[in-house]
Amino acid sequence: MKQVKPWTLTLFIALLGVQGACVSQGTSSTNEAQDTGRKDTMTYKIQKTEEEWRQLLGDEAYRVLRLKGTERPFTSEFETQWEAGTYVCNGCGQELFSSETKFDAGCGWPSFYQSMDKSKVKEIPDLSHGMNRVEVVCSGCGGHLGHVFNDGYGQPTGLRYCINGVSLGFVKKP
Ligand SMILES: [Zn+2]
């Protein structure tokens, strides 16, 4: 079987402008790809109409959290923030990640090596864009957070939760 060279795949993913390979330099400036075409049939405890979500979140957070979009890399203030505190869901306020597990993956999105609690972040297989990825959503409201990759970048778990900053809020440690 013919092997696809890893750099070919990296280039492909970088050009596609979706969360995937960790590219430390150079990035697509037109990252408007959306993970559309998938329906989550789970029922979440926080329920709102699309219009209510749009009002609450504003356009960009609505596009990412509710329409499973991806924010442009290197645009979130949280990507380079290293203060102690807790990252919560921007949709419903549920606690998701601790600053203690945040690390610099160089991907352009806030990255964590584990969630605060497995019950708070739900993982869903995502085969969109011809890739085999695992989407992560908030278990409280079903809001799209990003993807988790088992690529060894995040130590000690080997996992990299690549999260859209616009999907998060931050509660500073008192
Ligand atoms: Zn939520």
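Here is a short conversation about the predicted model shown above.

Biologist: Before we start, what kind of model is this, and how are residues numbered?

Modeller: It is a predicted model, in which local features need pLDDT of at least 70, side-chain atom pairs count only at pLDDT 80 or more, and totals for chains, interfaces and linings use all residues. Side-chain values use heavy atoms, leaving out hydrogens and water, and residues are numbered from 1 along each chain as its sequence is written.

Biologist: Thanks! Which pattern does the protein chain follow along the sequence?

Modeller: Helices (H or I, at least four residues) and strands (E, at least two) are DSSP runs, numbered from the N terminus. There are three helices and nine strands in the protein chain. Read in sequence order, the pattern is α-α-α-β-β-β-β-β-β-β-β-β.

Biologist: How much of the protein chain is buried?

Modeller: Buried means under 20% relative accessible area, exposed over 50%, and partly exposed in between, using a 1.4 Å probe and protein chains only. Of the 174 residues in the protein chain, the buried share is 49%.

Biologist: Which element gives the largest share of the largest nonpolar core?

Modeller: A nonpolar core is a set of buried Ala, Val, Leu, Ile, Met, Phe, Trp, Tyr and Cys residues joined through side-chain atoms within 4.5 Å. The largest has 22 residues, and those with the most contacts inside it are Leu96, Phe97, Leu145, Tyr161, Ile163 and Leu168. Elements that each supply at least two residues include H2, H3 and strand E8 (160-163). The largest share of this core, four residues, comes from H3.

Biologist: Lovely. What covers the buried residues of H3?

Modeller: Helix H3 spans residues 59-66, and its buried residues are Ala61, Tyr62, Arg63, Val64 and Leu65. Their cover includes helix H2 (50-57) and strand E7 (144-149).

Biologist: And which residues does Leu145 touch, leaving aside its neighbours within four places in sequence?

Modeller: Contact means heavy atoms within 4.5 Å. With those neighbours set aside, the partners of Leu145 are Leu65, Leu96, Val121, Val136, Val137, Cys138, Cys162, Ile163, Asn164 and Ser167.

Biologist: Cys162 catches my eye. Why is the sulfur of Cys162 without a bond to the closest cysteine sulfur?

Modeller: Cys162 counts as buried because its relative accessibility is 0%. A disulfide is a pair of cysteine sulfur atoms within 2.5 Å, and the structure holds zero disulfides. The closest cysteine sulfur to that of Cys162 is in Cys107, and it is too far for a bond because the distance is 5.2 Å.
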